[in-house]
Amino acid sequence: MRPLTEDETKSVFEKLTKYIGENVKCLIDRADGMYCFRLHKDRIYYVKEEIMRKATNIGRENLASMGTCFGKFTKSGVFKLQITALDFLAPYAKYKVWVKPGSEQSFLYGNHVQKGGLGRITDNTPQYQGVVVYSMSDCPLGFGAVAKSTQQCRHADSSDIVCFHQADIGEYLRNEDTLT
């Protein structure tokens, strides 16, 4: 477990900014204490500083995880955000997409959101912007990137892809052995 280097911090914050914008500050400076990001075995953990200090008493080879895994660095050095970060991204999401009940299952199986399954989209969402995907009952299902801006979605065919799938809560079952 170690602090992030400057390049790693930049990579993590750029990815988070794609989804929650300036609200990244809200993840660090919270009313319930100070939080930080730590790297352990190529995974980035979001952890309360108090817990992080206690975890330093455990040997690296014996420490399985601490805090919440936000993502991991691939072998090529790219930061990939994981579904385990959804609970922290959803309250601060700047742009959102809601899917119709009939398309929820398709999204949860790892498919992109088509125009026919789009319930609502945040106004003025730019193309390729990171979004949090919600059910119509405001339950966060995952996150992705919009393929079309809000204006382009209004004139799209029902079979056009409007949101690219990146992660969904179905991954807790599909990829349970690789999430921690």
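**Gly 67 and its surroundings**

I started at Gly 67, which in this predicted model is found in the loop between α3 (49-55) and β5. I looked up its accessibility and noted a relative accessible area of 49%, so I entered Gly 67 as partly exposed, the limit for exposed being over 50%. Leaving aside neighbours within four places in sequence, I find Gly 67 in contact with Tyr 46 and Val 47. I also took the C-alpha to C-alpha distance from Gly 67 to Ile 44, which is 9.6 Å for two residues 23 places apart in sequence.

**Strands β4, β5 and β6**

From Gly 67 I went on to β5 and asked which strands pair with it. β4 and β5 are joined in the antiparallel sense over 4 bridges, and within this pairing I noted Thr 68 of β5 as the bridge partner of Tyr 46. β5 also runs antiparallel to β6, with 3 bridges between them, and here I found Lys 72 opposite Lys 80 of β6. The hairpin of β5 and β6 has 5 residues between the strands, and among its residues I marked Gly 77, which takes a positive phi near 90 degrees.

**His 40**

Next I checked His 40, which has its place in strand β3. Is His 40 buried or exposed? I read 5% relative accessibility and therefore recorded His 40 as buried, the cut-off being under 20%. Beyond four places in sequence, the residues I find in contact with His 40 are Met 1, Tyr 45, Arg 60, Leu 63 and Ala 64.

**The nonpolar cores**

I then turned to the largest nonpolar core, which has 27 residues, and looked for the members that touch the most others: these are Leu 16, Phe 37, Ile 44, Leu 81 and Phe 143. The elements giving two or more residues to this core are α1 (6-20), α2 (24-28), β3 (33-40), β4 (43-48), β5 (68-73), β6 (79-81), α4 (86-89) and β10 (130-135). Of these I noted α1 in particular, since the largest share of the core, 4 residues, comes from α1. This core draws at least three residues from each of domain 1 (2-88) and domain 2 (95-175).

For Phe 37 I listed the contacts, not counting residues up to four places away in sequence, and obtained Leu 4, Phe 13, Leu 16, Leu 27, Ile 28, Ile 44, Tyr 45, Tyr 46 and Phe 70. Apart from the largest core lies another, of 14 residues, and I wrote down Phe 107, Ile 121, Val 133 and Cys 153 as being among them.

**Between the domains**

I followed the division of the protein into domain 1 (2-88) and domain 2 (95-175) and looked up how the two are placed. Their centres, taken over C-alpha atoms, are separated by 25 Å. At the interface I find 7 residues of domain 1 in contact with 16 residues of domain 2. How much area do domain 1 and domain 2 bury between them? The value I noted is about 960 Å², with 64% of it on carbon and sulfur atoms. On the side of domain 1, Tyr 19, Ile 83 and Leu 86 lose the most area to domain 2, together 66% of what that side buries.

**Residues 95-170 and the open sheet**

In the unreviewed UniProt entry I found the annotation "domain: PUA" for residues 95-170. Over this stretch I read 17% helix and 41% strand, with the end C-alpha atoms 21 Å apart.

I then traced an open sheet of 6 strands, whose order is β8-β12-β11-β10-β7-β9 and whose pairing is mixed. Its edge strands are β8 (113-114) and β9 (118-121), each of which pairs on one side only. Inside the sheet I looked at β11 (residues 140-146) and β12 (residues 161-168), which pair in the antiparallel sense over 5 bridges, and there I noted Ala 145 opposite Phe 164 of β12.

**The loop between β9 and β10**

Last I examined the loop between β9 and β10, in which Asn 124 lies and in which Tyr 128 also has its place. Asn 124 is not a glycine, yet I read a positive phi of about 60 degrees for it; for Tyr 128, likewise not a glycine, the positive phi is about 65 degrees. The relative accessible area of Asn 124 is 62%, so I entered Asn 124 as exposed, and Tyr 128, at 53%, counts as exposed as well.

Methods
Residues are numbered from 1 along each chain as its sequence is written. This is a predicted model: local features need pLDDT of at least 70, side-chain atom pairs count only at pLDDT 80 or more; totals for chains, interfaces and linings use all residues. Side-chain values use heavy atoms; hydrogens and water are left out. UniProt positions are given in the numbering used here, feature names are shortened, and annotations may be inferred rather than shown by experiment. A nonpolar core is a set of buried Ala, Val, Leu, Ile, Met, Phe, Trp, Tyr and Cys residues joined through side-chain atoms within 4.5 Å. Buried means under 20% relative accessible area, exposed over 50%, partly exposed in between (1.4 Å probe, protein chains only). Domain bounds come from an automatic or database domain assignment. Contact means heavy atoms within 4.5 Å. Two strands pair if DSSP finds at least two bridges between them. Buried area is the accessible area (1.4 Å probe) that two parts lose on being put together, summed over both.
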